[in-house]
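User: I am new to this structure and would like the terms explained as we go. Please show it to me before we start.

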Amino acid sequence: MTRRKRSVLPGFGLTLGLTVFYLSIVVLIPLSTVFLKSGGMGPSHFASVAFSERAVAAYRLSFGAALAAAALNSVFGMLVAWVLVRYRFPGRRLMSALVDLPFALPTAVAGIALTALWAADGWIGRFLDPLGIRVAYTPLGVTIALVFVGLPFVVRSVEPVLEDVGRDLEEAAASLGAGRFTIFRRVILPAIAPALLTGFALAFARGVGEYGSVIFIAGNIPYRTEIAPLQIITQLEQYDYAGATAIATVMLLLSFAMLLAVNILQMWRRRRMER
Amino acid sequence: MARRLLIAAALAFLGLFVLLPFIAVFVEAFRQGVPAFLDALAEPDAMAAMRLTLLVAAISVPANIVFGIVAAWCITKFEFRGKGLLITLIDLPFSVSPVVAGLIYVLLFGINGWFGPWLRANGVEIIFAVPGIVLATIFVTFPFVARELIPLMAEQGRDDEEAAVSLGASGLQTFWHVTLPNIRWGLLYGVLLCNARAMGEFGAVSVVSGHIRGLTNTMPLHVEILYTEYNFVGAFAVASLLAVLALVTLAVKTLLEWRYGDQIQGMGH
């Protein structure tokens, strides 16, 4: 147990006060409007707008595509992290910088660029179109946009843990006759599992709420390629504040659940590291 | 053998999903040559969008720098109950969809919002005007500086500051002469990421802006308008400026990690 000790440094009251004040006016009070407004709607009204047929189709797309993209990113993100941590090769630093590009590139820019690539007459789409594969304006396009925005979350979550996985453990396993795949499955994967799950959860959460990079490539066809955040905007444009708020409430609750999951995962990770 | 294969697979994945879109921005921007590119940028609405983007970043980034430093000082230099909760709440904007971030300000300040009638009676415009854009941007960039500084300052402890104070330095002197030099690279790192997001934010700003050309269109919003009007060269020309911003951000970030990796500790993640 650590004892609370009094700091000799000045400014506790002032900085804590300012932090809480600023946090309240910028984040907490504005966010509370969503819950107060949807709380005032009454349960049956709320349910009818939050779970209208069109809204449910939008959740299904947003959640489904985010899930698929996070799964894909888990595989390839792990691969990229592995290569960055374990191998030294020319251009490695450049590759590492490339991983952060989706963080740095504005989402609207990514959105129009992805559309230019994957549209039926685009750079890549023109080769897929004759094969009957449509990417842009389908759920597949939404997934590709979410792969783009989610990748750094997985790589940056897994990388530091992979660095810590001792090679001696792998060597011990190998000397006992374990094959490469067995070592990966029995030694490495369990060690990085919490970090990988954290990256997955972060990528998923980001994907569900993502807007800018998706709307251009999605085509926004109601019931088919309309994502949940776009539903909010559509409702707002019709001055249907209640409808927009109801959908926002569902999304916020999901975000909070994901945030909680990530925190629990990180606690799990810390406890494991202490062992 | 396996090594080469894995590197090649990683490169192929990154090339296809990350690098290629980035390259496409520039190729599409110059599709009709340099003059068309320059014309698109010199257009008055594009210039107005650039000015607005710079203005919004110039207000929201410093606001979050001050907050980030204050919050990090409070969290890392003192022990108090509820610290964990406070850190979680500071990170909250990262897990909120940008569109929801815009919506909450509409619910507060829009015509039918809590303060809507009062604002209208007093002739104050927030939604569909610059203040709303600034607020939404502050919200989405809120955690960047703080979450960069908190692990860094926690790692550095408070011995240096305590020594300074015991030698008679005031709080502000201690911060200015002791803490700030210790955290400068980490701070710069946080500011860099905060600025990139502030200038590039789309979803949140899109909800509160009203898309009035030449008045409330930031650069990303202007990209959208041009694109939906099938002015692809114009859209990609403005987008290429934002892509250059991303490139500069990444270059400085990589440089900072390389030169001062031990002094910006904590991020990268």
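Analyst: The expected span of a helix is 1.5 Å times one less than its number of residues. Helices (H or I, at least four residues) and strands (E, at least two) are DSSP runs, numbered from the N terminus. This is a predicted model in which local features need pLDDT of at least 70 and side-chain atom pairs pLDDT 80 or more, while totals for chains, interfaces and linings use all residues. Residues are numbered from 1 along each chain as its sequence is written, and chains are lettered from A and ligands numbered from 1 in the order written.

User: How do you know that the reach of helix 4 of chain A is close to what is expected?

Analyst: Helix 4 (residues 92-104) of chain A has 13 residues, for which 18 Å is expected at 1.5 Å a residue. From first C-alpha to last it reaches 19 Å, close to that value.

User: Which residues of helix 4 of chain A are called buried?

Analyst: A residue is buried if 20 or more other C-beta atoms lie within 10 Å of its own, exposed if 12 or fewer, and partly exposed in between, with C-beta atoms placed from the backbone. In helix 4 of chain A the buried residues include Met95(A), Leu98(A) and Asp100(A). Of the 275 residues of chain A, 45% count as buried.

User: What elements make up chain A?

Analyst: Chain A has 12 helices and 0 strands. Its C-alpha trace spans about 70 × 65 × 35 Å along the principal axes.

User: Why are helix 3 and helix 8 of chain B called roughly parallel or antiparallel?

Analyst: Angles under 35 degrees count as roughly parallel, over 145 as roughly antiparallel, 65 to 115 as roughly perpendicular and the rest as oblique. Axes are lines fitted to C-alpha atoms, for helices over the stretch in contact, and angles run from 0 to 180 degrees between N-to-C directions. The axes of helix 3 (residues 44-77) and helix 8 (residues 143-156) of chain B cross at roughly 30° and come within 8 Å. Helix 3 and helix 8 of chain B are therefore roughly parallel to each other.

User: What residues make this contact of helix 3 with helix 8 of chain B?

Analyst: Two residues are in contact if their C-beta atoms, placed from the backbone, lie within 7 Å. Among them are Phe67(B) and Ile69(B) of helix 3 of chain B and Leu149(B) and Met153(B) of helix 8 of chain B.

User: How many residues does each chain bring to the contact between chain A and chain B?

Analyst: Chain A gives 73 residues and chain B gives 73 residues. On the side of chain A that touches chain B, helix 1 (residues 12-39) of chain A gives the most, with 14 residues.
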